[in-house]
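Got your viewer open and a free hand for the mouse? Let's take a walk through this model, one selection at a time.

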Amino acid sequence: MRIKVEDLSKQYKNGNLALKDVNLEIDSGMFGLLGPNGAGKTTLMRILVTLMKPTKGTIQYNGLDLFKNRREIRSMLGYLPQDFRFFQKLKTWEFLDYVASLSGLYDSKKRKQAVDEMLEKVGLYEARDRNANKLSGGMKRRLGIAQALIGDPKIVVVDEPTTGLDPEERIRFRNLLAEMAERDIIIVLSTHIVGDISSTCNNMALLHNGEVVFNAPPNQLIEKARGHVWEVKAIDSELDQIKEKYPVISTIPADNGWEVQVVADELKDFPGKQIDPNLEHAYVYFVEYELGQKWNDDLN
Ligand code: ADP
């Protein structure tokens, strides 16, 4: 499976330019689209699933033009939108059964089997007779991924799936996606949470003000930060100075004060040692030093 996005731009009617000349090639596996709020992720996701047309540019799915072959491509797609909602008063299994029939599973016996299997997979089998709109937040999100996966899609697009989930549900959700990505399908995961783009993403892109500013496997982003992540030992009175000078990734209490992790081209005025970068360090380093944008909490 391959998605090819070429010179894609989207300008909304009010003049907002949400995407600017986006070029991407996405192959089978999990693809992470990372960017702060307002970067253009939802716009790109909605275009990818044919819910919106771009102002300019083309998208091909295995060589098929998305806008000339909408029907055919839609039958290959599963989509979990950011604001996933569903009809009132359907039991959990009924909702999945309904989605399965929409996706072309007409044989009722096969459909029941597919629904039961999917309920098991996402851990909702015990809750199958509960009203779908009475499920907890995490369970609703799992039902969301179940409905995106039920028609055996070749491409699954999930928009900000872990926002608002507690840590346990978040891990569960990530593992579920990683398991799905082992099949020969494409999963496009959009998020502003760096932790969602884990080692399970074999490729990623960073979207910033509608532009792709980085596109390569996550390890390559990490390598960019090597030599620029520092652990500084600080006492209380130094903490504010450090925060003023460098983007701080974490502050951990230590023996006589704090261990502070910062990213910096060079560490001046404070004693510290270099440490191995992770993706979170790398993201902050890239935005701060390569894009030259002042660090702010929005990026977290
Ligand atoms: P993200 O999903 O990364 O938060 P969006 O795709 O939602 O980003 O938004 C990208 C940009 O487009 C933002 O500046 C946003 O304000 C703008 N935008 C999104 N939807 C609309 C719309 N319907 N009309 C006008 N501008 C929009």
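One term before we set off: here a helix is a DSSP run of H or I with at least four residues, and helices are numbered from the N terminus. With that in hand, select Gly292, which follows H9 and has a positive phi, near 70°. We'll come back to that helix later on. Keep in mind as you go that this is a predicted model.

**The whole chain**

Zoom out so that everything fits in the window. The protein chain has nine helices and 14 strands. Its C-alpha trace spans about 70 × 45 × 35 Å along the principal axes. Of the 300 residues, 49% count as buried.

**Stop 1: the ligand**

Now select the ligand and bring up its surroundings. Which residues are around the ligand? You should find Tyr12, Asn14, Asn16 and Ala18, then Pro36, Asn37, Gly38, Ala39, Gly40, Lys41, Thr42 and Thr43. By type, this shell splits into seven polar residues, four nonpolar ones and one charged one.

Three spots deserve a click each:

- Asn16: a polar side-chain atom sits 2.9 Å from a nitrogen atom of the ligand.
- Gly40: here a backbone N or O atom is 3.0 Å from an oxygen atom of the ligand.
- Thr43: a polar side-chain atom lies 2.5 Å from an oxygen atom of the ligand.

Taken on its own, the ligand has 560 Å² of accessible area, and the protein covers 62% of that.

**Stop 2: helix H1**

Stay where you are and select residues 41–48. This is helix H1, which supplies the largest share of the shell around the ligand, with three residues. Is H1 largely enclosed or largely open? It is largely enclosed by the rest of the structure, because six of its eight residues are buried. Color them if you like: Lys41, Thr43, Leu44, Met45, Ile47 and Leu48. Then step just past the end of the helix to Thr50, where phi is positive, at about 65°.

**Stop 3: the loop between S7 and H6**

Next, select the loop that runs between strand S7 (155–159) and helix H6 (167–180), and pick out Glu160 in it. Is Glu160 buried or exposed? Its relative accessibility is 4%, so Glu160 counts as buried; the cut-off for buried is under 20%. Show its side chain and you can draw a polar contact of 2.8 Å to the side chain of His192. Then add Asp83 to the selection: it is 77 residues away from Glu160 along the chain, yet the two C-alpha atoms are separated by 9.2 Å.

Thr162 belongs to the loop between S7 and H6 as well. With a relative accessible area of 2%, Thr162 is buried too. Its side chain makes a polar contact with the side chain of Asp196, at 2.6 Å.

**Stop 4: two Asp residues with positive phi**

Go to the loop between helix H5 (137–149) and S7, and select Asp152. Its phi is positive, near 55°, and it is not a glycine.

Then jump to Asp269, in the loop between strand S13 (257–263) and strand S14 (272–274). Asp269 isn't a glycine either, but its phi is positive, at about 75°. Turn on the surface here: Asp269 is exposed, with a relative accessible area of 63%.

**Stop 5: the largest nonpolar core**

Hide the surface again and look inside. The largest nonpolar core has 56 residues, and the members that touch the most others are Leu96, Leu143, Ile145, Leu177, Ile187, Met204 and Leu221. Which helix gives the most to this core? That would be H9 (residues 279–290), with seven residues. Try coloring by domain as well: the core takes at least three residues from each of domain 1 (2–216) and domain 2 (223–299).

**Stop 6: back to H9**

Finish on the helix that you met at the start. Begin at its N-terminal end, where Asn278 acts as a cap: one of its side-chain oxygens lies 3.0 Å from the backbone nitrogen of Glu280. Nine of the twelve residues of H9 are buried, so the rest of the structure largely encloses this helix. The buried ones to select are Leu279, His281, Ala282, Tyr283, Val284, Tyr285, Phe286, Val287 and Glu288. Follow the chain past the helix and you are back at Gly292, with its positive phi.

Terms used
Residues are numbered from 1 along each chain as its sequence is written. This is a predicted model: local features need pLDDT of at least 70, side-chain atom pairs count only at pLDDT 80 or more; totals for chains, interfaces and linings use all residues. Side-chain values use heavy atoms; hydrogens and water are left out. A residue is near a molecule or strand if one of its heavy atoms lies within 4 Å of it. A polar contact is a pair of N or O atoms within 3.5 Å; within protein, one must be able to donate a hydrogen and the other to accept it, and residues adjacent in sequence count only if both atoms are side-chain atoms. Accessible areas come from the Shrake-Rupley method with a 1.4 Å probe; for residues, only the protein chains shown count as cover. Ala, Val, Leu, Ile, Met, Phe, Trp, Tyr, Cys and Pro count as nonpolar, Asp, Glu, Lys and Arg as charged, and the others, Gly among them, as polar. A nonpolar core is a set of buried Ala, Val, Leu, Ile, Met, Phe, Trp, Tyr and Cys residues joined through side-chain atoms within 4.5 Å. Buried means under 20% relative accessible area, exposed over 50%, partly exposed in between (1.4 Å probe, protein chains only). Domain bounds come from an automatic or database domain assignment.
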